[in-house]
There are 2 protein chains.
Amino acid sequence: MTDESAGPPGPVTVTELIERIDAVAPGLPKRLRQCATFTRRHLHLLAVSTVADMARAAEVAPSVYIRFCQGLGFSGYSEMQALFRERYSEFRPDYSVRFANLREGASPDAAPGVDRLIADFAESGHKSLLRLRNTVTSSAADRIASDMAAARVVHLVGARRAFAIVANMAYLLDKMGVETQVRPAAGLIATQAALRPGDIVFAVTFAPFSQETLGFAREADAAGIVVHGLTDDESGPLAEVARALLVAREDEVAGFRAPTAAIALSTALCVAAGALRTET
Amino acid sequence: MTDESAGPPGPVTVTELIERIDAVAPGLPKRLRQCATFTRRHLHLLAVSTVADMARAAEVAPSVYIRFCQGLGFSGYSEMQALFRERYSEFRPDYSVRFANLREGASPDAAPGVDRLIADFAESGHKSLLRLRNTVTSSAADRIASDMAAARVVHLVGARRAFAIVANMAYLLDKMGVETQVRPAAGLIATQAALRPGDIVFAVTFAPFSQETLGFAREADAAGIVVHGLTDDESGPLAEVARALLVAREDEVAGFRAPTAAIALSTALCVAAGALRTET
DNA sequence: CAATAAATGGAACGTATATTCCGTTTTCCG
DNA sequence: CGGAAAACGGAATATACGTTCCATTTATTG
């Protein structure tokens with residue numbers, strides 16, 4: 001017979017590959033099963049790793065990993081890896097055409113090009129992150145992190161666009177054992193009574209600045225509570241009340257901004273606070 | 001002199017690489033500048049492409065691309081590529097050692113180096129954004145955007161880490177005239193009745209996956225409502241219910257992740273949906 | 001417990017890739 | 001316009017990688 005392969009045909013999609021691995025894994029000998037379980041958990045490494053890398057990571061010999069691939073229906077490691085490299089860069093065959101489209105700007109068809117928008121926001125994110133290093137003063141960041149770590153409760157305030165930042169911080173700080181309270185956009189004054197000595201306020205607001213957030217910060221400041229903040233304009237209204245102020249300016253795409261730099265910065269801040277707290 | 005290299009030292013982070021390219025590009029001859037502009041636009045291909053691929057895509061000879069790498073301070077293409085492959089292959093440390101990792105690289109004094117953490121998260125953000133362009137399938141993004149634009153109400157579900165993403169989307173979609181409802185983490189079943197024909201559900205969940213979010217998505221799917229989603233594992237449980245699935249995998253810093261790529265992706269998606277809605 | 005089959009890991013092999021070399025072309029100054 | 005320096009691209013070379021082979025070890029069965 002011309003097709004001597006007794007084994008089943010090789011998977012042509014990632015979904016098929018996963019199903020195949022799950023199907024054969026239980027009946028596999030020790031080393032081969034190591035390949036299966038590790039590969040299943042680290043599928044994303046396939047595109048960028050050599051067979052030696054994968055084998056070492058799965059704690060098997062390279063030849064064993066090759067046999068694992070072959071047992072799945074591939075001719076070897078390279079063929080299996082190709083499955084992932086294709087998927088990672090879909091336009092590989094159309095390089096020149098695609099590149100021309102990029103140069104020209106808008107794509108020829110009427111579609112608004114979600115693809116291109118994603119690329120634009122990714123590029124915009126790069127720029128925002130690059131600028132982040134220039135706008136942040138490390139002394140302010142240090143002070144905020146240590147105050148957060150020492151605080152009884154960290155009160156987080158932010159509305160509209162800033163609310164996502166605050167939500168992310170609340171999640172992180174909570175996981176790290178720092179007690180937080182997220183102040184809702186409405187009814188701020190009513191909850192003012194909950195502020196007590198030892199608490200701090202972290203206010204987040206971007207232009208155009210939220211009056212509710214600023215109002216809460218001012219009242220807290222007047223009550224003697226330490227207020228820190230994050231904004232996108234170092235000379236904005238938040239600078240007047242915040243003792244330490246972080247600045248994250250976002251690049252924009254056609255007038256829209258993703259809070260990329262702010263998310264990165266605030267995450268770093270929370271991790272730093274968590275590290276300080278567990279340290280002492 | 002022992003160190004004969006007149007050129008500057010090679011970049012050791014993606015951030016430095018981007019800055020270096022932008023700095024030298026203007027003064028470069030024709031072919032080398034082609035390398036610069038193409039590389040700058042398609043950084044994400046570096047991890048999965050050979051030098052021949054990159055050269056062909058940039059429409060230069062392989063040797064020219066090598067010289068481009070060397071002009072940047074690398075010994076060759078492989079060294080530059082390693083910059084992008086390194087971080088991918090790191091394993092996830094256990095929770096207990098994450099903070100220990102942080103202190104290890106910190107400055108000698110007791111301070112945990114918030115400054116350094118910010119730089120690390122910025123670098124991590126770059127890598128997440130680079131990978132974003134490899135993991136997103138444009139057909140899925142197109143479909144989600146058009147479904148969102150056409151939907152009566154977009155129901156957003158996300159808990160914990162995913163909640164910040166959902167909050168950002170709610171703000172954006174709302175601003176663009178797309179009606180949204182954010183489903184709270186608790187009491188999901190009670191609100192199930194609010195789902196009506198013409199609505200769609202957008203579910204966001206990252207590993208370890210939220211049972212509440214998955215449960216809501218499953219119920220909506222069973223009720224015949226279109227469910228789309230965003231996650232960080234294309235083979236995760238959300239893949240079973242979502243008709244179109246977006247994937248944003250985040251790079252990590254000592255075990256901690258900022259939702260940088262997810263924020264950029266979801267923002268692009270919302271802007272696309274808004275553009276579609278106002279267009280018609 | 002012995003005999004047989006399967007599995008394993010290291011070493012050898014062939015191929016594909018990155019890198020260097022050098023003749024040719026283009027660009028830059030005088 | 002002419003000479004020198006830089007840049008370019010294709011061919012040659014070195015290296016790294018995937019793959020196969022085979023001796024040894026481990027599991028299986030009568």
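Reader: By class, how many nonpolar, polar and charged residues does the surface near DNA strand C have?
Author: This is a predicted model, in which local features need pLDDT of at least 70 and side-chain atom pairs count only at pLDDT 80 or more, while totals for chains, interfaces and linings use all residues. Residues are numbered from 1 along each chain as its sequence is written, chains are lettered from A and ligands numbered from 1 in the order in which they are written, and side-chain values use heavy atoms, without hydrogens and water. A residue is near a strand if one of its heavy atoms lies within 4 Å of it; Ala, Val, Leu, Ile, Met, Phe, Trp, Tyr, Cys and Pro count as nonpolar, Asp, Glu, Lys and Arg as charged, and the others, Gly among them, as polar. For DNA strand C the surface has eight nonpolar, six polar and three charged residues.

Reader: Which residues are the closest to DNA strand C?
Author: The strand is surrounded by 17 residues. Of its atoms within 4 Å of the protein, 70% belong to sugar or phosphate and the rest to bases. The closest residues are A:Arg31, B:Val51, B:Gln70, B:Tyr77 and B:Ser78.

Reader: How far is a polar backbone atom of B:Tyr77 from a phosphate oxygen of DNA strand C?
Author: A polar contact is a pair of N or O atoms within 3.5 Å; within protein, one must be able to donate a hydrogen and the other to accept it, and residues adjacent in sequence count only if both atoms are side-chain atoms. A polar backbone atom of B:Val51 is 2.9 Å from a phosphate oxygen of the strand, and a polar side-chain atom of B:Gln70 is 2.8 Å from a phosphate oxygen. For the backbone of B:Tyr77 the distance is 2.5 Å.

Reader: Which residues come nearest to DNA strand D?
Author: Around DNA strand D there are 17 residues. Sugar or phosphate accounts for 69% of the strand's atoms within 4 Å of the protein, and bases for the rest. The nearest residues are A:Val51, A:Gln70, A:Tyr77, A:Ser78 and B:Arg31.

Reader: How far is a polar backbone atom of A:Tyr77 from a phosphate oxygen of DNA strand D?
Author: A backbone N or O atom of A:Val51 lies 3.0 Å from a phosphate oxygen of DNA strand D. A polar side-chain atom of A:Gln70 lies 2.7 Å from a phosphate oxygen of this strand. For a polar backbone atom of A:Tyr77 the value is 2.4 Å.

Reader: How many salt bridges are there between chain A and chain B?
Author: Contact (heavy atoms within 4.5 Å) takes 66 residues from chain A and 70 residues from chain B. The buried area, which is the accessible area (1.4 Å probe) that two parts lose on being put together, summed over both, is about 6400 Å², with 72% from carbon and sulfur atoms. One residue pair is in polar contact across the interface, both at pLDDT 80 or more. For salt bridges (a side-chain nitrogen of Lys or Arg within 4 Å of a carboxyl oxygen of Asp or Glu) the count is zero.

Reader: Is A:Asp199 buried or exposed?
Author: The side chain of A:Asp199 makes a polar contact with the side chain of A:Arg152 at 2.8 Å. Beyond its neighbours within four places in sequence, A:Asp199 is in contact with residues including A:Val153, A:His155 and A:Ile225. Buried means under 20% relative accessible area, exposed over 50% and partly exposed in between (1.4 Å probe, protein chains only). Because its relative accessible area is 3%, A:Asp199 is buried.
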